[in-house]
Amino acid sequence: RSRDALQLLHFPRMRGPRPSAAPRRCRRRHAFTLAGTADVSGVGLHSGRFVRVRLGPGFPGGGVTFVRTDLPGTRVRASPADVSGTELSTELGGGGGGGGVRTVEHLLAALCGAGVSSCTVALDAQELPILDGSSAPWLKLIRAAGLAPTASAPEALAPRAPVWAAHGDAWVVAMPAAAPRLTYTIDFGAFAPIGRQSFSFCVHGPPPTGRSVGAAHTDSRAGVGPAGALLARRSTAAIDRFEAELAPARTFATTQGVHAARAAGLALGGSLENALVCDERRWLNAEGLRFPDEPARHKTLDLLGDLALLGELPLAHVVAHKASHRLHVALARALAAGTEGAARAEHYV
């Protein structure tokens, strides 16, 4: 079934010996951590619980580490292998014992978009705050902390052949490419405000030609301290592109999806202040959309955050169709394992 779902991509037939399944690894030239600390608080999207968070410097080669200050000694590493849940968000660690960290994808996307490869995230509850439902507040927090170079740069996986994960008519595939690119298509059928949308984001593309969102969502670099100058020296165009085109896209849901989530004990902290919600005819948010295709952009943001679990985005064009956190993570696990072709059963969470 996975192969049938991918037939429309028309992969060329492999000729001669099949390449090694193990992907090449390419080390990034520069890597950064945070120069200082920055604090934020809010409510978790699914738990509805208030939580305080502090972002701080990481350790060389340590990646992104979550520290539960309410559970002394509990540390969770952001990696595909540590994903323990993918129902309407990505959860790390815990294994059902309450020691994990939930809804990490928006923060991980912001760190990746800013070029931060190591960071310590301290929090006093199980779920990160949803804030406004996008990565923009997290990026603002990262700017406030500033950047500092770190000695150990992560390696980017470079797959030698297509790798994919699929379920029914939903799929996500990583195809070898010279630079990371993400393309997402969604289709919400009867819900006309969303309908069918596509968005493509070139991670290292040219700078944006103009700001697409208001000043409230595109925080300036003022006040970030001396280390903030590094932000401009580290591929300013790529960071500006992320800030203008992807970071402000908010999480979204249909009224039907909200009712189902609430019935399952989820989305308890969701509101029109931190999520876009529509019925079959219109968006319920008074302020409207930040982009005409904001839902597709947000799914691309989620994909970026889930792939950031690898430490560095793969050198691949990743194309997703009606996918989910479950499929994103299965792809990340398959890439990390050096799988060629379809993800295996053990890669799905």
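In this report a residue is called buried when its relative accessible area is under 20%, exposed when that area is over 50%, and partly exposed in between (1.4 Å probe, protein chains only). The model is predicted, and for this reason local features need pLDDT of at least 70 and side-chain atom pairs count only at pLDDT 80 or more, whereas totals for chains, interfaces and linings use all residues. Residues are numbered from 1 along each chain as its sequence is written, and side-chain values use heavy atoms, with hydrogens and water left out.

## The five-stranded sheet and its helices

Helices (H or I, at least four residues) and strands (E, at least two) are DSSP runs, numbered from the N terminus. Two strands are taken as paired if DSSP finds at least two bridges between them. Strands of a sheet pair through backbone hydrogen bonds, either parallel or antiparallel.

Five strands form an open sheet in the order E3-E4-E10-E5-E6, and their pairing is mixed. Strand E3 (38-43) and strand E6 (74-77) occupy the edges with a single partner strand each, so one side of each has no neighbour in the sheet. On average, and with direction ignored, neighbouring strands of this sheet are turned by 20 degrees against each other. Angles here run from 0 to 180 degrees between N-to-C directions, the axes being lines fitted to C-alpha atoms, for helices over the stretch in contact. E3 and strand E4 (residues 50-57) run antiparallel and are joined by six bridges; Ala38 has Leu55 in E4 as its bridge partner.

Two helices lie across strands of this sheet, where contact means heavy atoms within 4.5 Å. Helix H2 lies across E4, strand E5 (64-68) and strand E10 (119-123), at about 140 degrees to E5. Helix H3 (residues 136-145) lies across E3 and E4, at about 160 degrees to E3.

H2 (residues 105-113) is largely enclosed by the rest of the structure, because nine of its nine residues are buried. Among them are the charged residue Glu105 and also His106, Cys112 and Gly113. After H2 comes Gly115, which has a positive phi, near 80 degrees.

## The six-stranded sheet

A further open sheet has six strands in the order E16-E15-E19-E14-E13-E20, again with mixed pairing. Its edge strands, E16 and strand E20 (341-342), each pair on one side only. Seven bridges connect E15 and E16 in the antiparallel sense, and Asp187 stands opposite Arg196 in E16. Helix H8 (residues 325-336) lies across strand E13 (163-167), strand E14 (170-176), E15 and strand E19 (316-321), and runs at about 150 degrees to E13.

## Salt bridges

Side chains of opposite charge can pair when their charged atoms come close. A salt bridge is counted when a side-chain nitrogen of Lys or Arg is within 4 Å of a carboxyl oxygen of Asp or Glu. The structure holds 13 salt bridges, including those tabulated here.

| Salt bridge | N to O distance |
|---|---|
| Glu243 and Arg143 | 3.1 Å |
| Arg196 and Asp187 | 3.7 Å |
| Arg344 and Glu346 | 2.6 Å |

Arg344 is partly exposed because its relative accessible area is 37%, and Glu346, at 49%, is partly exposed as well. Salt bridges with shared partners also join Arg143, Asp240 and Glu243 into one network.

Of the pair Arg196 and Asp187, Arg196 counts as exposed at 56% relative accessibility, while Asp187 is partly exposed at 34%. Glu243 and Arg143 are both buried. The salt bridge of Glu243 with Arg143 links distant parts of the chain, with Glu243 in helix H5 (residues 236-245) and Arg143 in helix H3, 100 residues apart.

## Aromatic contacts

A pair of aromatic rings is described by the distance of the centres and the angle of the planes. Rings of Phe, Tyr and Trp (its six-membered ring) pair if their centres lie within 6.5 Å; planes under 30 degrees apart count as stacked, over 60 as edge-to-face and the rest as tilted.

The structure holds one aromatic pair. Phe188 and Phe252 form it edge-to-face, at 5.5 Å centre to centre and 65 degrees between the planes. The two residues are 64 residues apart: Phe188 is in the loop between strand E15 (181-187) and strand E16 (196-202), and Phe252 is in strand E17 (residues 252-254). Phe188 counts as partly exposed because its relative accessibility is 31%, whereas Phe252, at 14%, is buried.

A charge is placed over a ring if NZ of Lys or CZ of Arg is within 6 Å of the ring centre and within 35 degrees of the ring normal. Arg297 lies over the face of Phe291 in this way, at 4.2 Å from the ring centre.
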